[in-house]
Amino acid sequence: MPSLGSALLALAFLAALAAAALALTGRHGDRRRIDLSRRTVYAFCGLLTACVAIVEIAFAGDDFSFNIVAQHSSIETPEFYKLAAMWSSQEGSLLLWAWVLSIASSAALYATRNKLRELVPWATAVMTGVAAFFVGLMLFAPDVNPFQTLSPAPADGIGLNPLLQHPSMMIHPPMLYSGYVAFTIPFAFAIGALLTRRLDAEWIRATRRFALIAWAFLGFGLLLGARWSYTELGWGGYWAWDPVENAALMPWLLGTAFLHSIMVQEKRGMLKVWNAALIVGTFSMALLGTFLVRSGVLQSIHAFGDNTVGPYILGLIAVVLIGSTALIVSRLDDLRSQKRIDSLVSREAVFLVNNLLLVALTAVIFWGTFFPLISELFTGTKASLAAPWFDTYTTPLAIALVLFTGIGPLLAWRRVSWASAKRVFRVPLAVAAVTAVALILFGDATEQLWAFVLFVFAAFALTGLAQEFWRGAAARRSLVGGSLPAALVGVVSRNRRRYGGYVVHIGIAVLLIGIAASSSFQTNRDLTLKPGESAVVDGRKVTYVKPTVAVSDEYLQFGNVVRIERDGKATTLRSSRRYFRPTGQEGGTIGSFFEGEATSEVGLKAGFLRDEWIAPQPDISAVQRRVRAADRGFRACVGGAPGTPSQCKAVAAMMRAAAANPSLRPVALAQISKLQSLAANRIAESYVRDGSATIFKFIVNPLVTWMWIGGLIALMGALIALWPARGRRRGALVRTEADALKEAKYREIRDAELDHAAGKLSDEDFALLDAELRKEAVQILDKV
Amino acid sequence: MDPQRKRKIRLVVALSVAVLLSVALIYTSFSASTEAKEPSQLLSAAPGTSYEMTGKVVKGSIHQRGAGIAFRVVDRDGRGESLPVTYTGTVPDPFRGGREIVLTGALRGGTFVGEPETLITKCPSKFTTKSDA
């Protein structure tokens, strides 16, 4: 099997190169070659799928002759985690990267099979080039071939780190990868557009969906990582400004900017240089994320793999950046836009501001992340920046973004007159003002100025968005009648992109409220308590009710029951700390339980208004002393040395018999291991009687649930925006680029009509805009 | 005002804001940063100054002391003299002997006293998931 896998991988490499060669040689209108090139990409995808299948079958069947399986799985690893263990390895991650890219490339080429004839060959070459790079890494770089074998095959593998055995941890890496990888598609088409000088919005229309998918995957991956950190690590936080987290956040932020500014290019033909630069930046950041984790140049809590592929990826980033910059500069004349922003009070102007904010945010994070290298360059010493520095800059930028999340949807494209602006801003401004007054009068929110500002801005944004839905539904109802909910569904499903985007905005506003509240008003206390003792934290009486113990073959667990009382209401939280044997080890000395990982099992009472979170650090020094004594006793027993305690005469006798007759050895060892586990049980249970103190980390986290809810709302919004439009336009022939252009203009006219009906555009504004749009539509029709 | 001029003014304003912000960014980053040092360098470092220490926990050196723990660290390559460290508060899950840690703190009487909430433990080398934020 490994040799079959290697062969398929080599074949895949050749297929990627062949697809690129076919596309490039057929780019001057040789349809047969282009079709063949596309089918070769499908074949490439098939070959990589087979490679992934072979690796997964090896994992499922415990084939430890595969190095990757022996290193990352074991017989006892639960089935579900066996299948997911592939991407806990470096070679498996590379395989996943290439595989996801092959799927995305195939989908992109299928979607554009009858379109963009000039552009697709170049895009194919870029996509397959990147894919060939990653497959080539697996084949030619040292120690990253997933089909490396071990001879002789070990009887069991090392197993998967227990910290990683968490459902969200298993989907988190593939989500992030899919996000990173899918940004290759818009990047490839952008390069194609630059090379062929086809710089209108066609490449954007073809790949917008992929950019949105990439953005959604990346965002969901980030959210899962935060959730895992919060519930699984005994730390209680969800974000640490760690380089690897930042590496995933930066392409997400740039991707967000890109998704907004391409709309300006689609509708107004502006910001072309900016869009090209943004997608190059986003893709480079995605590669940088892959690189950072692999290189070890920055200190991170995330462990880095061996330093074998880092330099190659850095090389690829250099090629991408230098090549794309040169290309953009050489095309500057073609990228110049004919139009200017009409008014600062228009949606495109707000998009521009939002873009600047997002890029500034990315720049700050980039600077902070790479500061150790920068400071070493200038001062000779490595120095790093901690979370407070990041907070200083990112907080005001994020708050400004929330404001614009609210303003953007309220403004129409091109220009908005003072009268219509007043009409749409009235209610949101009033609600924001009421929120501010309420917070000042009834809350302690004003103690944290930034949080206060954010709450007020979020109130503004959420009201504005609600008003959009309300007015849209009302406008539709006045057109077709029916109930308000039906009108709401109707208007959303007919304008998925617009309302999907609004739903994303709602999600982000809710998420930021959660972040602001939980980071500004968190109570975080370390309590040292003995059983029966209690402490008062933030008006809550925290009582350590009793210690608990659990023992399994894999771990010893020292836990507790804690009662939290507030205003006469009591909740009970159970938390514990598990001490694992080293992964892959069964049996052995009792002390070996303290040689492997230790994990916190967090006690969490999640609520809509606040979470109560607790994790213990038990004092097990007495237990450990007894364990050492017991292990010494067993050694003495087995050794049968003079002066051995009388209880182990039987054991000593068994060992002597085993020494004389080797066939008795397994029986004797099994007997001893049974005795050891009995002893382990007894000693572990002694913890309950010890009554030793435990250090509890107790956190009261307000509104943290809003983060997860907000994230899911945003994800839902992305799905709404992605869902293919159905209804009357489905049959519309969108064959040629002119057709697509016509469709886009019709959509714009419909958008303007909706804005007018919803009261966002005054009659005069609408009359002007409608005339303009119709003139543009006529121009397009003339060309057709 | 003619639009050409208006645009130019806007551009100048935007650029000045950007320049001002970047100057602030650069200035504060150099003053807010903590110097990173390895244990062997810290043995002779100035007491009282805050450093970010990156080192490897010596196996078997971890002891409970009051509400905190005391342990020793060596350089990441495992060589050099070890440095005594104390830390108060709960420790991250992956923390144990042989692991690499990053800790901010200062030297007091020859012992590196870590600031609460700054202990970061790197995940073990087997933990090679690409991104596990």
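Of the 133 residues of chain B, 36% count as buried. The model is predicted, and the exercises below concern chains B and A.

**Exercise 1. Determine how many helices and strands chain B has, and in which pattern they follow one another.**

Solution.
Step 1. Count the elements: chain B holds two helices and eight strands.
Step 2. Read along the sequence: the pattern is α-β-α-β-β-β-β-β-β-β.
Step 3. Turn to the contacts of chain B with a separation of 6 or more: 47% of these come from residues 24 or more positions apart.

**Exercise 2. State which domains the assignment gives for chain B, and what distance separates their centres.**

Solution.
Step 1. Take the bounds from the domain assignment: domain 1 of chain B covers 1-33, and domain 2 covers 35-121.
Step 2. Take the centres over C-alpha atoms: those of domain 1 and domain 2 of chain B are separated by 42 Å.

**Exercise 3. Identify which residues of strand 5 of chain B form the covered face and which form the uncovered one.**

Solution.
Step 1. Recall the general rule: side chains in a regular strand alternate between the two faces of the sheet.
Step 2. Locate the strand: strand 5 of chain B spans residues 83-88.
Step 3. Assign the faces: B:Leu83, B:Val85 and B:Tyr87 belong to the covered face, whereas B:Pro84, B:Thr86 and B:Thr88 belong to the uncovered one.

**Exercise 4. Describe how strand 5 of chain B pairs with strand 4 and with strand 7 of chain B.**

Solution.
Step 1. Recall that strands of a sheet pair through backbone hydrogen bonds, in either a parallel or an antiparallel manner.
Step 2. Consider strand 4 (residues 68-74) of chain B: six bridges join this strand to strand 5, and the two run antiparallel. Here B:Ala70 stands opposite B:Thr86, a residue of the uncovered face of strand 5.
Step 3. Consider strand 7 (residues 111-114) of chain B: the pairing with strand 5 is parallel, over two bridges. Here B:Val85 stands opposite B:Phe112, and B:Val85 is part of the covered face of strand 5.

**Exercise 5. For the open sheet of chain A with the order 2-10-9-8, explain why strand 2 and strand 8 each have one side without a neighbour in the sheet.**

Solution.
Step 1. Read the order: the open sheet has four strands, 2-10-9-8, with antiparallel pairing.
Step 2. Find the edges: strand 2 (523-529) and strand 8 (603-605) of chain A stand there with a single partner strand each, so one side of each has no neighbour in the sheet.
Step 3. Add the twist, which averages 15° from one strand to the next.
Step 4. Examine the pairing of strand 8 with strand 9 (residues 610-618) of chain A: three bridges link them in the antiparallel sense. In this pair, A:Lys605 stands opposite A:Glu612 of strand 9.

Conventions:
Residues numbered from 1 in each chain as written. Chains lettered and ligands numbered in written order. Predicted model: local features only at pLDDT ≥ 70, side-chain atom pairs only at ≥ 80, totals over all residues. Buried ≥ 20, exposed ≤ 12 C-beta atoms within 10 Å, placed from the backbone. Pairing = 2+ DSSP bridges. Domains from an automatic or database assignment. Axes fitted to C-alpha atoms, helices over the stretch in contact; angles between N-to-C directions. Contact = placed C-beta atoms within 7 Å.
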